[in-house]
Amino acid sequence: MTLFEKIAAKVIPAKILAEGDDWIAFRDIAPQAPVHFLIVPKRCIPRINEAAPSDAALLGTLFAAAASTARQEGLGESGYRIVINNGPDGGETVPHLHLHVIGGRQMTWPPG
Ligand code: AMP
């Protein structure tokens with residue numbers, strides 16, 4: 001099981017914000033902004049580069065979950081950023097697809 005599969009199975013604790021049949025939202029353990037949470041599919045896709053056409057519905061569900069959880073966290077008006085890190089150059093550290101949702105401060109561009 002991946003770390004995030006263990007969190008989804010409640011084997012490892014996390015600060016869970018919301019959950020659906022096939023996804024879970026929980027706070028990042030090392031927040032990079034006042035609000036920083038992850039949207040994780042319960043079924044492991046290692047990274048977006050390995051997503052298949054048959055994963056399209058699940059990927060759409062993850063983005064809808066990111067937006068609904070962001071609104072729940074009070075970011076709907078102020079805005080937020082959604083980030084997916086893919087592979088070594090992308091800064092991926094956990095090989096289980098996840099969307100970072102980051103907000104509560106002004107984001108900068110370009111990203112680091
Ligand atoms: P990435 O570097 O894009 O693969 O993102 C992995 C994220 O998972 C990082 O932002 C970590 O801080 C976060 N993370 C690692 N372990 C945990 C955990 N046990 N609970 C919550 N977030 C975690």
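Two strands count as paired here if DSSP finds at least two bridges between them. With that in hand, let us walk through this predicted model, starting with its strands and then moving on to a helix, the ligand and some backbone details.

## The strands

Strands β1 and β2 pair in the antiparallel sense, and three bridges hold this pairing. The connection from β1 to β2 is a hairpin of three residues. If you would like to find the register by eye, look for I16, which stands opposite F26 in β2, and for A18, which stands opposite A25 in β2.

Strand β2 also has a partner in β3: the two run antiparallel and are joined by five bridges. F26 helps you to follow the pairing here too, since its bridge partner in β3 is L38. How much of β2 is covered? Four of its five residues are buried, so the strand is mostly covered.

In a regular strand, side chains alternate between the two faces of the sheet.

## Helix α2

Helix α2 covers residues 56–72, which makes 17 residues. At 1.5 Å a residue the helix should span 24 Å, and because its end C-alpha atoms are 24 Å apart, the expected and modelled values agree.

Which residues of α2 are buried? They are L58, L59, L62, A65, A66, A67, T69 and A70. An α-helix has 3.6 residues a turn, so residues three or four places apart point the same way. The cover over the buried residues of α2 includes the strands β1 (16–19), β2 (23–27), β3 (35–41), β4 (80–83) and β5 (99–103).

Q72 is a residue of α2 worth a closer look. Its relative accessible area is 49%, and because exposed means over 50%, Q72 counts as partly exposed. Not counting residues up to four places away in sequence, Q72 touches L17 and A18. Q72 and L17 are 55 residues apart in sequence, yet their C-alpha atoms are 8.8 Å apart in space. The side chain of Q72 reaches the backbone oxygen of L17 at 2.9 Å. Just after α2 comes G74, which takes a positive phi of about 85°.

## Around the ligand

How many residues surround the ligand? There are 16, and the closest are D28, N85, T93, H98 and H100. Here are some polar distances to oxygen atoms of the ligand:

| Residue | Part of the residue | Distance to a ligand oxygen atom |
|---|---|---|
| V94 | backbone N or O atom | 2.9 Å |
| H98 | side-chain N or O atom | 2.8 Å |
| H100 | polar side-chain atom | 2.8 Å |

Taken alone, the ligand exposes 500 Å², and the protein buries 84% of that area.

H100 belongs to strand β5. Is H100 buried or exposed? Its relative accessible area is 11%, and because buried means under 20%, H100 is buried. Besides the ligand atom listed in the table, the side chain of H100 makes a polar contact with the side chain of H36, at 2.8 Å. Leaving aside neighbours within four places in sequence, H100 is in contact with D28, H36, F37, L38, R81, I82, V83 and N85. Two residues in that list, D28 and N85, are also among the closest to the ligand.

## Backbone details

Two more spots deserve a look when you turn the model around. The peptide bond from W109 to P110 is cis, with omega near 5°. P110 is found in the segment after β5.

The other spot is K10, in the loop between α1 (3–8) and β1. K10 is not a glycine, although it has a positive phi of about 65°. With a relative accessible area of 47%, K10 is partly exposed, because that value falls between the 20% limit for buried and the 50% limit for exposed.

How values were computed:
Residues are numbered from 1 along each chain as its sequence is written. This is a predicted model: local features need pLDDT of at least 70, side-chain atom pairs count only at pLDDT 80 or more; totals for chains, interfaces and linings use all residues. Side-chain values use heavy atoms; hydrogens and water are left out. The expected span of a helix is 1.5 Å times one less than its number of residues. Buried means under 20% relative accessible area, exposed over 50%, partly exposed in between (1.4 Å probe, protein chains only). Contact means heavy atoms within 4.5 Å. A residue is near a molecule or strand if one of its heavy atoms lies within 4 Å of it. A polar contact is a pair of N or O atoms within 3.5 Å; within protein, one must be able to donate a hydrogen and the other to accept it, and residues adjacent in sequence count only if both atoms are side-chain atoms. Accessible areas come from the Shrake-Rupley method with a 1.4 Å probe; for residues, only the protein chains shown count as cover.
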